[in-house]
Amino acid sequence: MTATTGRRAPRADCAVTSDGRITFDLDTRGAGHGTASELLLRLRGAKGPDARTVRLPLDPLDDGRLRAVLPADAEYAEGRWDVHLREPDAGDDGAVAVEPGVRDLRRLVDPAPGAGRVAVRIPYPTLDGRLAVRCWLRAPHAEAGAVTLDGAAMTVRGRLHGARPEDGAHVEARQPGAGGRVLRVPAAPGDEDGAFAFTLPLDRLADGPVTAPQLWTLWLLPGTAEGGPDGGVRISRILDDIWDRKKIHVYPGRSAGPGVRATPCYTTDNDLCVRLEPEPAG
């Protein structure tokens, strides 16, 4: 129930279909919302002339619910898109947030991206209990796979989509901030198309004491012209149904020099990183 109107918030069941569409089935009966007009997806953080809104029409189903469909071939900007319901007599500012119902994401497990852009959309519940869609749009995309630790070395296996690693391909670990250090290691091609692997010596990241946490980002430079605008392809893990793996994929830390601890980790955007921090006492 909303505090201002006493109406029950609309709820949507979501499903990813075999062809990549996302369906939103809303039940507004008895919720006091009248006849819904359309579903709005708003890019979080976009304001003013740069604000982005996707409008999806609602069609009635035989059971009395309403369905909106996010097309499979639609490419939306990376970010988090909040889902709202707009009624005919209300403007965009009067649209109400939608709550998540049942989410069927089975089709997102082990997808087979094509040769073009990698577009991923995952419906998910926000921390405050609302429905949103996490979108990624990468061209090319470096998907992280198994991460293993052996002493102070971290080995990562992955696959490059939309390009092919060539001779001279390498990975860069980049220290945050202007003028940050860069550690470069070779990326070996794998047996399967686009596969690569690299080993990062964690004890070479720190060049002295670490007094505050550092988050080193990992980039694949495939040796082709298809790299990102800053000269690399961000190594991430987005090809499944996990929209935020920061607290799901947790790895053990390793000593990376006197007083320094290094830990592989993912960000809330599913980017693979290495976190450096002071070694805990004892």
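Begin with the largest pocket of this predicted model. Select Gly20, Leu108, Pro111, Ala119 and Val120, which lie nearest the centre of the pocket among its 21 lining residues. The space enclosed there amounts to about 460 Å³.

Which strand gives the most to this lining? Select residues 118–125 to see the answer: strand β10, which contributes four residues. Colouring the lining by class then shows 12 nonpolar, four polar and five charged residues.

Move next to the second largest pocket, where about 340 Å³ of space lies. Its lining has 13 residues, and those closest to the centre are Arg80, Tyr124, Leu127, Trp243 and Asp244. By class, this lining consists of six nonpolar, two polar and five charged residues.

The tour now turns to salt bridges, of which the structure holds 25. Select Asp25 and Arg65 and display their side chains: the closest N and O atoms of this salt bridge are 3.8 Å apart. The two partners come from distant parts of the chain, 40 residues apart. Asp25 belongs to strand β2 (residues 22–27), while Arg65 sits in the loop between β5 (59–60) and β6 (66–70).

Is Asp25 buried or exposed? Asp25 is buried, because its relative accessible area is 8%, and the cut-off for buried is under 20%.

Keep Arg65 in view and add Asp63 to the selection. These two side chains also meet in a salt bridge, at 2.9 Å from N to O. Asp63 has a relative accessibility of 38% and therefore counts as partly exposed.

For the next stop, select Asp271 and Arg234, whose side chains meet in a salt bridge with an N to O distance of 3.9 Å. Asp271 is found in the loop between β21 (260–266) and β22 (272–278), and Arg234 in strand β19 (residues 233–236), so the pair ties together parts that lie 37 residues apart in sequence. How accessible are the two partners? Asp271 counts as buried, at 11% relative accessibility, and Arg234 is buried as well, with a relative accessible area of 12%.

Finally, return to Arg65 and select Asp13, Asp25, Asp63 and Arg67 together with it. Salt bridges that share partners join these five residues into one network. Two of the bridges already visited can be picked out again here: Asp25 with Arg65, and Asp63 with Arg65.

Technical notes. Residues numbered from 1 in each chain as written. Predicted model: local features only at pLDDT ≥ 70, side-chain atom pairs only at ≥ 80, totals over all residues. Heavy atoms only, no water. 1 Å grid on protein atoms, 1.4 Å probe; cavity = no way out; pocket = protein on both sides within 12 Å on 5 of 7 lines; lining within 4 Å. Points joined across faces, edges and corners; volume = space filled by probe spheres on them. Helix = DSSP H or I, 4+ residues; strand = E, 2+ residues; numbered from the N terminus. Nonpolar A, V, L, I, M, F, W, Y, C, P; charged D, E, K, R; others polar. Salt bridge = Lys/Arg side-chain N within 4 Å of Asp/Glu carboxyl O. Buried < 20%, exposed > 50% of the residue type's maximum accessible area, 1.4 Å probe, protein only.
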